[in-house]
Every structure is written in structure tokens, then in C-alpha cells.
Amino acid sequence: MPFCYKCGAQIGEGDRFCNKCGTKVGEQIISQPVVSPTVGTSGVAIAALVLGLLGFPLGWFLGLVPIGAIICGLVGIQETGIGKKGGRGMAIAGLALGCVTLLGWAMLISMAIIFWD
Ligand SMILES: [Zn+2]
């Protein structure tokens with residue numbers, strides 16, 4: 001015999017509503033949220049990868065793009081992991097891309113300064 005989850009009154013087998021409080025029988029089961037095993041993907045990790053990829057064509061002109069990728073990568077790594085958000089690989093890739101681009105960019109500037117005079 002089922003019981004009303006709201007007031008605890010006994011509900012008849014064929015009843016759709018509780019006789020005592022009027023609560024819809026089976027509402028609890030329907031309204032129960034589906035527990036998802038995934039915690040979701042870190043938005044910062046995605047941003048790191050996007051900025052890291054953008055840093056290749058844009059980094060030579062805008063040093064801020066690879067710097068942004070490095071910052072987002074570091075934050076993304078902190079934010080992701082076991083029991084945390086997904087996307088750690090993207091955060092690491094973004095961080096690596098940002099470092100490589102920034103290094104190349106810094107080298108180009110150094111070369112320009114060296115050959116200036
Ligand atoms: Zn009830």
C-alpha cells in the first residue's frame with residue numbers, strides 16, 4: 001500500500017491523488033531530478049584552449065591572447081580533476097599553447113631589439 005509522501009496518509013492502490021491533502025500520487029518520482037554522473041566541463045578550460053589556439057595567429061600581434069590562455073589554463077587545471085569539473089586536458093593544452101606562443105613572441109621581440117642597433 002503506498003503512502004502520501006507529503007502528509008503520510010495511506011493511499012488506495014488505484015488513487016491518483018491523496019484523499020487527505022490532495023497531493024498527486026507519484027509526483028515525488030516524477031519531480032525527482034536525474035542524478036548526472038558528470039559534473040560538467042569547466043568553462044575556463046574551454047577558454048584556455050580557445051585562447052591557446054587563437055594565440056598562434058594572433059599572439060604575434062597581441063601578447064595578451066597567450067597570456068590569457070596561460071591564466072585560463074592555470075585556473076582551468078585548478079578547477080578540473082577527479083570529482084571536479086571535466087576539461088583538464090583542454091586546460092593543459094591551452095596552457096601549453098599559450099606558453100609556446102608567448103615564448104616565440106618574446107623571442108621575436110628580443111630579436112627585434114638585438115637587431116635594432
Ligand atoms: Zn497527502
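**A walk through a four-helix model**

Leaving aside neighbours within four places in sequence, Thr23 is in contact with Cys4, Lys6, Phe17 and Cys18, where contact means that the C-beta atoms of two residues, placed from the backbone, lie within 7 Å. One of these partners, Lys6, is 17 residues away along the chain, and its C-alpha atom is separated from that of Thr23 by 7.2 Å. You will find Thr23 in the segment before helix 1 (27–31). Is Thr23 buried or exposed? Neither quite fits: Thr23 has 16 C-beta neighbours inside 10 Å, so Thr23 counts as partly exposed. On this scale a residue is buried if 20 or more other C-beta atoms, placed from the backbone, lie within 10 Å of its own, exposed if 12 or fewer, and partly exposed in between.

Before going further, a word on what you are looking at. This is a predicted model, in which local features need pLDDT of at least 70 and side-chain atom pairs count only at pLDDT 80 or more, while totals for chains, interfaces and linings use all residues. Residues are numbered from 1 along each chain as its sequence is written.

Now step back to the whole protein. It has four helices and zero strands, giving the pattern α-α-α-α along the sequence. Helices here are DSSP runs of H or I with at least four residues, strands are runs of E with at least two, and both are numbered from the N terminus. Of the 117 residues in the protein, 25% are buried. Among contacts between residues at least 6 apart in sequence, 53% join residues at least 24 apart.

Next, follow the chain to helix 3 (residues 64–79) and helix 4 (residues 88–114), whose axes come within 7 Å and cross at roughly 150°. The axes are lines fitted to C-alpha atoms over the stretch in contact, and angles run from 0 to 180 degrees between N-to-C directions. Helix 3 and helix 4 are therefore roughly antiparallel to each other, the term for angles over 145 degrees. The contact is made by residues including Pro66, Ile67, Ile70 and Leu74 of helix 3 and Met90, Ile92, Leu95 and Trp105 of helix 4. The residues of this contact divide into 15 nonpolar, five polar and one charged; Ala, Val, Leu, Ile, Met, Phe, Trp, Tyr, Cys and Pro count as nonpolar, Asp, Glu, Lys and Arg as charged, and the others, Gly among them, as polar.

Finally, look at Leu74 in helix 3. Leu74 is partly exposed, because 16 other C-beta atoms lie within 10 Å. Leu74 and Gly94 are 20 residues apart in sequence, and their C-alpha atoms are 9.1 Å apart in space.

Terms used: Angles under 35 degrees count as roughly parallel, over 145 as roughly antiparallel, 65 to 115 as roughly perpendicular and the rest as oblique.
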